[in-house]
Amino acid sequence: MLGIVRQKMLEQSLKKIPPAVSVLRSYSSAAKQMTIRDALNSALDEEMSADSKVFLMGEEVGEYQGAYKITKGLLDKYGPERVLDTPITEAGFTGVAVGAAYYGVKPVVEFMTFNFSMQAIDHIINSAAKTNYMSSGQISVPIVFRGPNGAAAGVGAQHSQCYAAWYASCPGLKVLAPYSSEDARGLLKAAIRDPDPVVFLENELLYGESFPVSDEVLDSSFCLPIGKAKIERKGKDVTIAAYSKMVGYALKAAETLEKDGIDAEVINLRSIRPLDRSMINASVRKTSRLVTVEEAFPQHGVGAEICASIVEESFAYLDAPVERIAGADVPMPYAANLERMAVPQVEDIVRAAKRTCYRSVS
Amino acid sequence: MSLSHHHLNTNILPTLSATIPTPFPLVFSAPIVSFLSFIFYSPLSLPSSPPIFSPFPSSLPTRKKMATAFSPSKFAAQPFPLNTTSQNNPLTIPTTASPFLGSTRKLIRLSSSSNLNIRRRSGTVVAVSDVVKENKSKSTLNLLITKEEGLELYEDMVLGRAFEDMCAQMYYRGKMFGFVHLYNGQEAISTGFIKLLKQQDSVVSTYRDHVHALSKGVSARAVMSELFGKTTGCCRGQGGSMHMFSREHNVLGGFAFIGEGIPVATGAAFTSKYKREVLKEADCDHVTLAFFGDGTCNNGQFFECLNMAALWKLPIVFVVENNLWAIGMSHLRATSDPQIYKKGPAFGMPGVHVNGMDVLKVREVAKEAIGRARRGEGPTLVECETYRFRGHSLADPDELRDPAEKAHYAARDPITALKKYLIENSLASEADLKAIDKKIDEVVEEAVEFADESPVPPRSQLLENVFADPKGFGIGPDGQYRCEDPKFTEGTAQV
């Protein structure tokens, strides 16, 4: 399919790694561990040093070193003209960043959490996402909106919503949700280089987690293609599609399922918009079963979109109804046990996978 | 021409400046910092001139001098009785017209409009610099504009008016559709400000943006085609009346949400400063103008941007087109303190009030404000008192506004006023102006013909321009746009 060929070509051009080097790399084991925090910090650092048009803007990104310490050290390195501490005015500073992006500078706007982006959502959608279309290509908006998304631990209803579905429903935006350090680095670098508005959804609980990274990933021109998912674990019995933190849960569920003889294929979506429909469909055509996992509210969510895509394109290949795992359809409760019930757990994914394989009644 | 509002009660600038941080301290060396803080400390003693602003009727000499620019009758004539006490305290004005009653009661409407005109009295006072004052007081030979400038201003205003009138005609003939908001009556602001800009300066507007685009240089044909939804429009028909964008002329929209354009304008000004300081394009002194209305001045984003623009000293001018009405909501019913220019000093920038029906006054204020921004002295808030002759949009029946009020402002038509000025001061003859009228009529007619004959956008344009860099989105498995698929409208194609 032309779409995939084009994506592959773009992937190659984005990677910019000489073939000799990559041959060597394939023999080296992924020795280094890197936290997501360091991955994001190093990505921002490298992009800012490579292009002086890139600047950061957000609450507490400068002197406080970042509300979650993602932008640590950047103020000292690049100065206050490029790492801007803003007043608490999401609507205002997001609009300012969008207006700046109209002129070709590349702001990276940090929202302390994406819940606060609701105050600025008018600018993200109306001023940023739609402008290239409304101006018929005259004005593109090379901006990145990043920040933690989704539930953290015990932060209550107003700080725990996942916005992937909200932003992914709007044409003109690219929405990315990294899982591992490799994803974080590669996708953030790609997002900053991209000439379109990108919403970059991180996860607060993943910031401290370490993942192995190869030397390839540490290269300063490492980029991942936007719009391509990754198969984290190959399998043949059931496809589990997830993004962000839920990929980790899906991998754990796959390990559990293996003991029961079910070989699960785990797809890390990476890019919610554009959604890598071709990869998901190819995987489902191979396994005939699908479980989608997300932390967000179930109605009109990413899982619903994937389900619709499968039904439209691979209906004849399905052996069982698509199972959708999502957060509970309630605002996030505070009590720890209720919160655990409101968010998908590994057991839920295992049960759902078994349901698709007709191995259990529940 | 000074812009600082030297009102006895609101002189808070010196105390504010001591604590305002700037985000670019490392860029400037120490002496310059102190120099800047000096400038910031005392805008009242700016080299340009001390401020003159007096809302009280006692300062008659000032007003008389200003009156020589235009016919003195504009200031003296009052169709309604003057009530000096209410002038001093604008908060007492709405009480005679209770804000909770609809304006369907004739008695209240009359008295509210009389109060409006009383408000207008305070509005006729304008901040004028000593220099200009002296010029006017000497003789009428020292004029504000040359003949060329005068004709340029006249032509621009007539283009705006003729274009908008043609829009109304076309709308009622069905050639234009959707939301169309016309600018009749407010041309002095657009012409007065935008004609002072360079091509690289940018303009950000609201949905009432046709004339801003025209003044900035977008051709009448391109705007008319855009309104007709044709592919030769400035946005190829994808934007529409409310979304006029032009990269070439730096018109950054066209925003439908009120208040949405203000942060975007602040960002454009931010980029100008960023380019100068970080990217080291030393001569980048681009200024941004943000146009918005009185209703927007109650919106949070307005205040957020006043704060940031003053905090970071951005080269922007916030131009309030106060036409007193937000659709059917009177400014006085919606605002606790209707004097918008006062909100500038609260954030550390000068706030100026100017008669927006007088293009020469607007131009003088604009020169100073834009000059300030270009020199790096920071933002300015300019409140232009004006009026829209038509309704909010072409779908608005415009029943709530008092006909007497409309008549009052129709008598202050900026085009007629400029025409009178040009003729009285022998800058142009009737024949010159008639020639311009005729030329503009032809331009507008030609624009309509051009738009009529232009093609509508092809189907393939539907999915274009969503991304600057599309990655397979909207492209089907066969590599063609999905909408080219013959099954597109039958619902069997996958979109």
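This report describes the domains of chain A, their shared contact, the interface with chain B, and several local features.

The model is predicted. The structure has 44 salt bridges, counted over all chains.

**Domains and annotations**

Chain A falls into two domains: domain 1 is made of residues 7–25 + 228–356, and domain 2 of residues 34–212. Between the centres of domain 1 of chain A and domain 2 of chain A, taken over C-alpha atoms, there are 24 Å. Their contact draws on 26 residues of domain 1 of chain A and 32 residues of domain 2 of chain A.

A UniProt annotation, from an unreviewed entry, places "domain: Transketolase-like pyrimidine-binding" on residues 34–209 of chain A. That span is 36% helix and 16% strand, and its end C-alpha atoms lie 8 Å apart. For chain B, UniProt lists "domain: Dehydrogenase E1 component" over residues 156–457, again from an unreviewed entry. Residues 156–457 of chain B are 46% helix and 12% strand, with 30 Å between the end C-alpha atoms.

**Two contacts in figures**

The table sets out the contact between the two domains of chain A and the contact between chain A and chain B.

| Item | Domain 1 and domain 2 of chain A | Chain A and chain B |
|---|---|---|
| Residues in contact | 26 residues from domain 1, 32 residues from domain 2 | 56 residues of chain A, 56 residues of chain B |
| Buried area | about 2200 Å² | about 4800 Å² |
| Part on carbon and sulfur atoms | 57% | 64% |
| Salt bridges | three | zero |
| Residue pairs in polar contact (both at pLDDT 80 or more) | nine | 19 |

**Between the domains of chain A**

Three salt bridges are counted between domain 1 of chain A and domain 2 of chain A. In addition, nine residue pairs, both at pLDDT 80 or more, are in polar contact there. On the side of domain 1 of chain A that touches domain 2 of chain A, the elements giving two or more residues are β9 (230–233), α11 (245–259) and β12 (271–273) of chain A. Of these, α11(A) provides the largest share of that side, four residues. By residue type, this side of domain 1 of chain A comprises 12 nonpolar, six polar and eight charged residues.

Arg270(A) and Glu182(A) form a salt bridge through their side chains, at 3.6 Å from N to O. Arg270(A) sits in the loop between β11 (264–268) and β12 of chain A. Its phi is positive, about 60 degrees, although Arg270(A) is not a glycine.

Another backbone feature is the cis peptide bond between Arg273(A) and Pro274(A), where omega is about 0 degrees. Pro274(A) belongs to the loop between β12 and α12 (277–287) of chain A.

A further salt bridge in chain A pairs Glu47(A) with Arg193(A), and their closest N and O atoms are 3.1 Å apart. This pair connects distant parts of the chain: Glu47(A) lies in helix α3 (residues 36–50) of chain A and Arg193(A) in helix α9 (residues 181–193) of chain A, 146 residues apart.

**Between chain A and chain B**

Chain A and chain B bury about 4800 Å² between them, with carbon and sulfur atoms giving 64% of that area. In chain A, the residues that lose the most area to chain B are Tyr103(A), Tyr133(A) and Met134(A), which together account for 17% of what that side buries.

No salt bridges are counted between chain A and chain B, whereas 19 residue pairs, both at pLDDT 80 or more, are in polar contact. At least two residues of the side of chain A that touches chain B come from each of α1 (2–15), β2 (54–58), β3 (83–85), α5 (90–102), α6 (121–129), α7 (131–134) and α13 (302–314) of chain A. The largest share of this side, nine residues, is supplied by α5(A). The side of chain A that touches chain B divides into 25 nonpolar, 18 polar and 13 charged residues.

Note on methods. Residues are numbered from 1 along each chain as its sequence is written. Chains are lettered from A and ligands numbered from 1 in the order in which they are written. This is a predicted model: local features need pLDDT of at least 70, side-chain atom pairs count only at pLDDT 80 or more; totals for chains, interfaces and linings use all residues. Side-chain values use heavy atoms; hydrogens and water are left out. Domain bounds come from an automatic or database domain assignment. Contact means heavy atoms within 4.5 Å. Buried area is the accessible area (1.4 Å probe) that two parts lose on being put together, summed over both. A salt bridge is a side-chain nitrogen of Lys or Arg within 4 Å of a carboxyl oxygen of Asp or Glu. A polar contact is a pair of N or O atoms within 3.5 Å; within protein, one must be able to donate a hydrogen and the other to accept it, and residues adjacent in sequence count only if both atoms are side-chain atoms. Ala, Val, Leu, Ile, Met, Phe, Trp, Tyr, Cys and Pro count as nonpolar, Asp, Glu, Lys and Arg as charged, and the others, Gly among them, as polar. UniProt positions are given in the numbering used here, feature names are shortened, and annotations may be inferred rather than shown by experiment.
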